[in-house]
Number of protein chains: 2
Amino acid sequence: METRTETRDKIIQVATDLLYRRGYEALGVKEICQRAGASKSSFYHFFPSKEDLALAVIDGRWHEVRGAFAMVRAQDLPALARLRSSFAMMYQISRQTHDESGQVFGCPFGSLGSELAPFSPRLRGRIAEVFSWMEGQYRAMLEDAITKGELPADFAAETAGRAILATVQGMSVLGKVYNSPELLQQTGDALLEVILNRAA
Amino acid sequence: METRTETRDKIIQVATDLLYRRGYEALGVKEICQRAGASKSSFYHFFPSKEDLALAVIDGRWHEVRGAFAMVRAQDLPALARLRSSFAMMYQISRQTHDESGQVFGCPFGSLGSELAPFSPRLRGRIAEVFSWMEGQYRAMLEDAITKGELPADFAAETAGRAILATVQGMSVLGKVYNSPELLQQTGDALLEVILNRAA
DNA sequence: ACATAACTGGACTAATCGGTCCAGTCAAGC
DNA sequence: GCTTGACTGGACCGATTAGTCCAGTTATGT
């Protein structure tokens, strides 16, 4: 029943990339339209406002990330190895964007959330939902590990899940500010191992 | 020999607050001038550009933070207690801004860095310097603790110093996005204790 | 008293911002 | 064939953006 959402999809696709690289305020609707080959009327036909576009972008990213987590959790590996492989995926993305454009951009949710939290309750709220869901994903991975005996039975999976999300955000900020994928990786690995209680 | 730097100081003071609360792009030079009671000619007399003002703001913040760290490290407390008290200071600030304005704003360096890293090499570089210095501060605190026997002699202070900075940035992003000073504190404490190897 | 430099009020620019409006084109349903 | 609603090109809006310019004021050093 999907009619002509082609233009809408193209706008979201372009905006996803541009929002990641430039942030919200530094990005104009005009440029999004130009790169998407759409006119402003089309833009405002599909999205009531720039803010709503950002919301749609976040939802789209979230959908992608759901898929990525599902794939990671379906891997035939020990539970903790799956967790580490989710980190490895982030390192790879970070390295790739750095190779392509000379810059590390960190976590798209964290970057947008950090910029927009103070003045867009809607976007802040949505990103908070994503964060909450991510915590749950990490916690579930840790509980898998507990079930398989890879972690002690009294391991505090909930606290650790949140700590892992904080680690991801922290390493993203460091990677972005130092502009170093390697440092992002080192920081992430070090903290992850400490959380899993295998201090170097 | 200081002449009339009063206006300049006022601009920096106002901009420090506004940059923290609103970020870089969402903040206009006009508003800074109005709130500082200065005219645009004054602004551009003292600062070649908005970017240079941001640089001055960062330097000013850094100067303040230097003082704060010096005070913390001068406290007559066990070394690790001093480290924890530096975290407590951040919790207090986070709670205070939340009480005053209903919003957690996280770390000023991290927020600015995250927003500006992709398109202002100068600001990114300066914030990277600040980060590097902070790592050093944390490492020094940890080395104090090692010297005093509060940490084992083989404790990896350098890696842990960076991990602590990452923790600070991670908890700041979570606190900002969840808009919760309590969650910021819980996350920070949990991660700090894990790093110090007293896992809950 | 005078020169020099520091500083400022206010008008100004060119560009851009998010967003609107309308006259249309187009494809589908009847 | 006709209507309806989804969609679009392009002109347009008022507001705002960072930054400029200059004439004038104020302070400083001699």
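# Exercises on two protein chains and two DNA strands

Just past helix 9 of chain B, B:Asn197 adopts a positive phi of about 70 degrees. Helices here are DSSP runs (H or I, at least four residues), numbered from the N terminus. This is a predicted model, in which local features need pLDDT of at least 70, side-chain atom pairs count only at pLDDT 80 or more, and totals for chains, interfaces and linings use all residues. Residues are numbered from 1 along each chain as its sequence is written, while chains are lettered from A and ligands numbered from 1 in the order in which they are written.

## Exercise 1. Helix 9 of chain B

Task: Determine the span of helix 9 of chain B and find what its buried residues pack against.

Solution.
- Start with length. Helix 9 of chain B has 15 residues and reaches 21 Å from first C-alpha to last. That is close to the 21 Å expected at 1.5 Å a residue. The expected span is 1.5 Å times one less than the number of residues.
- Next, burial. A residue is buried if 20 or more other C-beta atoms lie within 10 Å of its own, exposed if 12 or fewer, and partly exposed in between; C-beta atoms are placed from the backbone. The buried residues of this helix include B:Pro181, B:Leu184, B:Leu191 and B:Ile195.
- Then the partners. The buried residues pack against helix 8 and helix 9 of chain A, and against helix 5 (79-101) and helix 8 of chain B. Contact requires C-beta atoms, placed from the backbone, within 7 Å.

## Exercise 2. Helix 8 of chain B and the Asn179 pair

Task: Describe helix 8 of chain B, then locate Asn179 in both chains.

Solution.
- Helix 8 of chain B has 21 residues and reaches 30 Å, close to the 30 Å expected.
- Of its 21 residues, 19 are buried, so the helix is largely enclosed by the rest of the structure.
- B:Asn179 follows helix 8 of chain B, with a positive phi near 50 degrees. Most residues other than glycine have a negative phi.
- B:Asn179 sits in the loop between helix 8 (157-177) and helix 9 (181-195) of chain B. It is buried, with 20 other C-beta atoms within 10 Å.
- Turn to chain A. A:Asn179 has a positive phi of about 50 degrees and is not a glycine. Its loop lies between helix 8 (157-178) and helix 9 (181-195) of chain A. A:Asn179 counts as buried, with 20 C-beta neighbours inside 10 Å.

## Exercise 3. Two helix pairs

Task: Classify the crossing of helix 5 with helix 7 in chain A, and of helix 8 of chain A with helix 7 of chain B.

Solution.
- Axes are lines fitted to C-alpha atoms, for helices over the stretch in contact, and angles run from 0 to 180 degrees between N-to-C directions. Under 35 degrees is roughly parallel, over 145 roughly antiparallel, 65 to 115 roughly perpendicular, and the rest oblique.
- The axes of helix 5 (residues 79-101) and helix 7 (residues 121-147) of chain A come within 8 Å and cross at roughly 155 degrees. That makes the two helices roughly antiparallel.
- A:Ala79, A:Leu80, A:Arg82 and A:Leu83 of helix 5 meet A:Met141, A:Asp144 and A:Ala145 of helix 7.
- Helix 8 of chain A and helix 7 (residues 121-147) of chain B pack at about 125 degrees, axes 8 Å apart. They are therefore oblique.
- A:Leu174, A:Val177 and A:Tyr178 make this contact with B:Arg124, B:Ile127, B:Ala128 and B:Phe131.

## Exercise 4. The chain interface

Task: Find the size of the contact between chains A and B and the helix of chain A that gives the most.

Solution.
- 44 residues of chain A contact 44 residues of chain B.
- Helix 8 of chain A gives the most to the chain A side, with 14 residues.
- By class, that side has 23 nonpolar, 14 polar and 7 charged residues. Ala, Val, Leu, Ile, Met, Phe, Trp, Tyr, Cys and Pro count as nonpolar, Asp, Glu, Lys and Arg as charged, and the others, Gly among them, as polar.

## Exercise 5. The DNA strands

Task: List the closest residues and the main contributing helix for each DNA strand.

Solution.
- A residue is near a strand if its C-beta atom, placed from the backbone, lies within 6 Å of it.
- DNA strand D is surrounded by 19 residues; the closest are A:Thr7, A:Ser39, A:Ser41, A:Ser42 and B:Gly28. Helix 3 of chain A supplies the largest share, 4 residues.
- DNA strand C is surrounded by 18 residues; the closest are A:Gly28, A:Lys50, B:Ser39, B:Ser41 and B:Ser42. Here helix 3 of chain B supplies the largest share, 4 residues.

Notes. Two residues are in contact if their C-beta atoms, placed from the backbone, lie within 7 Å.
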